[in-house]
Protein chains: 2
Amino acid sequence: MILYDLDAKNNIRLSPTAWRVKAALHHKGLAWEEIPVAFTDISKLNMHPTIPILVDGDKTLGESFDIIAYLDEKYPDKRVMTSISESKFFENWCNGTLHMPLAHLVLKDIYDVVLDKDRAYFKESREKRFNISLDTVQNGREERVIAFRALLNPVRASLKFKPYLGGDAPNFFDYCLWGTFKWGFAVATFDLLEKDDPILAWFNRVSL
Amino acid sequence: MILYDLDAKNNIRLSPTAWRVKAALHHKGLAWEEIPVAFTDISKLNMHPTIPILVDGDKTLGESFDIIAYLDEKYPDKRVMTSISESKFFENWCNGTLHMPLAHLVLKDIYDVVLDKDRAYFKESREKRFNISLDTVQNGREERVIAFRALLNPVRASLKFKPYLGGDAPNFFDYCLWGTFKWGFAVATFDLLEKDDPILAWFNRVSL
């Protein structure tokens, strides 16, 4: 299998959702070859408008959720999703609740590791999408990170119940949120979580 | 089976979590007898400090989540929870994210339907817990309800994917949130949701 992922400086991979697919492949013991792609080269692939893209034989798939659901169907051993619809709720919660405030905390940090060839595209598209300048987007983040951390309280409550969101072993719920933090931690130049946050210990337990 | 529920005026039942248990019993086709109890009579039962309480033969159980997990284990037909830990996350999200802002929208409305014998207890305990007077707790709720509705965006996104949070049929995820709204709608004297909110149609689909 071939997985197209988002390239950046220092060998960083910039797609939270590609990390979810890699966690799912790893969970299932499936081998893959990774091809890093620049933002501005995705459209040249002519495969799918966004990263990740998975090619499995004659199948080309986009959207991490659909890719993981496909993997569970095609390779049913060691399922990643217990329930597709419950996994969809979790993805909706994770992306819809966390990604926007997280991006507001680290957008300039991301810009600083974007490939040189992508910098103009990234700056223009993100300043338009977030309606804010990269020079000021991170202003006040030491205050704003407190509200971001509070959004994760349902996760902390769950980690008191079981070591993983999926129970005694990680599953889609874990990999979904893990992908978000794999992305955040790779770029953030400040502490997204406090050092004694149980989510940090969980992140390390999940890590591939 | 006997279920102890929280009594109020107009035959209203005031416990969102007891509604979850009733939905689970109904889902499984199990019969039960309901015994309504006043807030100030719960401790006299000497069974469990909070409602709901389920008595099944010689078993006495408290905490809706534990009761529903017990029902799934004892009566495994028509399971309510697909995954206990994923259900726990959803409960943590639902209670932890929605109940406090929802209570701030309708606390005086609840007070107005509390049994006469419970009114002094309710006023004192809730004013202390929320650190606010019942006379002012609902001030500005027409503005605040907008933020409350936005908290439900992950649910709306999921209802675009499938008719229920549980997929093609309701399960714990649905019953959990349904209990919250069964409680909210029973007491609210204003619109918690907009008339065209897909969550309203979902609520009616789930309703027993």
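Biologist: Let me start with strand pairing: which residue of β4(A) stands opposite Val55(A)?

Modeller: The partner of Val55(A) in β4(A) is Thr60(A). Strands here are DSSP runs of E with at least two residues, helices are runs of H or I with at least four, and both are numbered from the N terminus. Two strands count as paired if DSSP finds at least two bridges between them. Before we go on, this is a predicted model, where local features need pLDDT of at least 70 and side-chain atom pairs count only at pLDDT 80 or more, while totals for chains, interfaces and linings use all residues. Residues are numbered from 1 along each chain as its sequence is written, chains are lettered from A and ligands numbered from 1 in the order in which they are written, and side-chain values use heavy atoms, with hydrogens and water left out.

Biologist: Good to know. How many bridges join β3(A) to β4(A), and how many join β1(A) to β3(A)?

Modeller: Strands β3(A) and β4(A), the latter at residues 59–62, run antiparallel with four bridges. β1(A), residues 2–6, is also antiparallel to β3(A), with three bridges. Follow Ile53(A) to see both neighbours: Tyr4(A) stands opposite Ile53(A), and so does Gly62(A) in β4(A). The hairpin of β3(A) and β4(A) has two residues between the strands, and Gly57(A) there takes a positive phi near 60°.

Biologist: How do I read the two faces of β3(A), and are they buried or exposed?

Modeller: In a regular strand, side chains alternate between the two faces of the sheet. In β3(A), residues 53–56, Ile53(A) and Val55(A) lie on one side, Leu54(A) and Asp56(A) on the other, and all are buried, which leaves both faces covered. Buried means under 20% relative accessible area, exposed over 50%, and partly exposed in between, with a 1.4 Å probe and protein chains only.

Biologist: Let me try that scale on single residues. Where do Ser87(A), Lys182(A) and Asn10(B) fall?

Modeller: Ser87(A), in helix α4(A), has 0% relative accessibility and therefore counts as buried. Its contacts, not counting residues up to four places away in sequence, are Phe65(A), Met81(A), Thr82(A), Phe172(A) and Phe173(A); contact means heavy atoms within 4.5 Å. Lys182(A), in helix α8(A), counts as partly exposed because its relative accessibility is 25%. With the sequence neighbours up to four places away left out, Lys182(A) touches Trp19(A) and Phe203(A). Lys182(A) and Pro16(A) are 166 residues apart along the chain, yet their C-alpha atoms are separated by 6.7 Å. Asn10(B), in the loop between β1 and α1 of chain B, is exposed at 65%. From Asn10(B) to Ala169(B) is 159 residues in sequence and 31 Å in space, C-alpha to C-alpha.

Biologist: And a helix? Which residues of α7(A) are buried?

Modeller: Residues three or four places apart in an α-helix point the same way, because there are 3.6 residues a turn. In α7(A), residues 153–161, the buried ones are Pro154(A), Val155(A), Arg156(A), Ser158(A) and Leu159(A). They pack against α4, α6, α8 and α9 of chain A, together with α4 of chain B.

Biologist: That brings in the other chain. What rotation superposes chain A on chain B?

Modeller: A rotation of 180° with 0.0 Å of shift along its axis does it, at an RMSD of 0.0 Å. That is the relation of a two-fold axis. The same surface serves both copies, with 100% of the contact residues of chain A recurring in chain B. The superposition is by least squares on C-alpha atoms of residues with pLDDT of at least 70 in both copies.

Biologist: Last topic, pockets. What is the volume of the largest pocket, and which residues are closest to its centre?

Modeller: A pocket is an open set of points on a 1 Å grid over the protein atoms alone, where a 1.4 Å probe fits, with protein on both sides within 12 Å along at least five of seven lines; lining residues have an atom within 4 Å of a point. Points are joined across faces, edges and corners, and the volume is the space filled by probe spheres set on them. The largest pocket has about 840 Å³. Of its 30 lining residues, Pro16(A), Thr17(A), Ile51(A), Arg126(A) and Arg129(A) are closest to the centre. α4(A) gives the most to this lining, with eight residues. The lining of the largest pocket divides into 17 nonpolar, six polar and seven charged residues. Ala, Val, Leu, Ile, Met, Phe, Trp, Tyr, Cys and Pro count as nonpolar, Asp, Glu, Lys and Arg as charged, and the others, Gly among them, as polar.

Biologist: Which residues are closest to the centre of the second largest pocket?

Modeller: Pro16(B), Thr17(B), Ile51(B), Arg126(B) and Arg129(B), out of 27 lining residues. This second largest pocket has a volume of about 720 Å³. α4(B) provides the largest share of its lining, seven residues.
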